[in-house]
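User: Hi! I'm new to reading protein structures, and I'd like to take a close look at one part of this one. Could you walk me through it slowly?

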Amino acid sequence: MTYRERCDAKLERMQERQDAGLISQRFPEVSSIVVDMEHNRAGVSAIHLMRTLNFSSCSHAYFRVECLNKDCGDCTDGFHLDQVVAGMIRTHTALKEGELKCEGNGVTSRSVNISYKVTIRYNEFFPRA
Ligand SMILES: [Zn+2]
């Protein structure tokens, strides 16, 4: 990827973030969203990385999480959790866990297991479904 392409990709993501709108607009019943990501690999070059992303009602409804795998050549575009989050809100789910897989494919990176956990808090004045 050239420098120019990288810039274009970055601008595109900023635009996507803008287009996504605010959580308070798209999901007024949501109070906050927390995404926990955990990268795990057992063995000689074991890694254990954790990352927590916090979204409030005034954040953009844009749930793309970048891969934490160093030198990752697999998921350069990150992970899209928009569908997961939207599905949870539709069914008024508070907690959802899942697994993702990164193949690495970089010079030094190898495959890792990624588990994620999405926790959504809802505004209390919205009746539960
Ligand atoms: Zn990756």
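Which strands does helix 3 lie across, and at about what angle does helix 3 run to strand 6? Please show me the sheet that goes with it, too.

Analyst: Happy to! Please keep in mind that this is a predicted model. The mean pLDDT of the chain is 87, with 95% of its residues at 70 or more. Helix 3, residues 82-90, is where confidence is highest, at a mean of 95. Confidence is lowest in helix 1, residues 3-20, where the mean is 83.

Now to your question. Helix 3 lies across strand 1, strand 5 and strand 6, and its angle to strand 6 is about 35°.

Let's place these pieces in the chain. There are 3 helices and 6 strands, and starting at the N terminus they follow the order α-α-β-β-β-β-α-β-β.

Next, the sheet. Four strands form an open sheet in the order 2-1-6-5, and their pairing is antiparallel. Strand 2 (47-56) and strand 5 are the edge strands, each pairing on one side only. From one strand to the next, the twist averages 15°. As background, the strands of a sheet pair through backbone hydrogen bonds, either parallel or antiparallel.

You can follow the sheet from one edge to the other. Strand 2 is joined to strand 1 by 10 bridges, and the two run antiparallel. To find a spot in this pairing, look at Asn40, whose bridge partner in strand 2 is His48. Moving on, strand 1 and strand 6 are also antiparallel, with 10 bridges joining them. Here Ile33 stands opposite Ile120 of strand 6. The last step takes you from strand 6 to strand 5 (residues 95-102), an antiparallel pair with 8 bridges. In this pair, Lys101 stands opposite Asn113 in strand 6.

What about the core? The largest nonpolar core has 20 residues, and Ile33, Val35, Val85 and Val118 are those with the most contacts inside it. Strand 1 (30-41), helix 3 and strand 6 (112-122) each supply at least two residues of this core. So that you can picture one member, take Val35: leaving out residues up to four places away in sequence, Val35 touches Leu53, Phe63, Val65, Leu81, Tyr116 and Val118.

For contrast, turn to helix 1. Helix 1 is hardly covered, and the count of buried residues among its 18 residues is 0. Its length can be checked as well: at 1.5 Å a residue, helix 1 should span 26 Å, and its end C-alpha atoms are 26 Å apart, which agrees. Ala20 is found in helix 1. Ala20 counts as partly exposed because 17 other C-beta atoms lie within 10 Å, while a buried residue needs 20 or more. Setting aside neighbours within four places in sequence, Ala20 is in contact with His60, Ala61 and Tyr62. Just after helix 1 comes Gly21, with a positive phi of about 80°.

Finally, step back to the whole chain. Its C-alpha trace spans about 50 × 35 × 20 Å along the principal axes. Of the 129 residues, 18% are buried. Among contacts with a separation of 6 or more, 64% are between residues 24 or more positions apart. One pairing to try on your screen is Ile33 in strand 1 opposite Ile120 in strand 6.

Terms used: Residues numbered from 1 in each chain as written. Predicted model: local features only at pLDDT ≥ 70, side-chain atom pairs only at ≥ 80, totals over all residues. pLDDT = per-residue confidence, 0-100. Core = buried A, V, L, I, M, F, W, Y, C linked by C-beta atoms within 7 Å. Buried ≥ 20, exposed ≤ 12 C-beta atoms within 10 Å, placed from the backbone. Contact = placed C-beta atoms within 7 Å. Pairing = 2+ DSSP bridges. Axes fitted to C-alpha atoms, helices over the stretch in contact; angles between N-to-C directions. Expected span 1.5 Å × (residues − 1).
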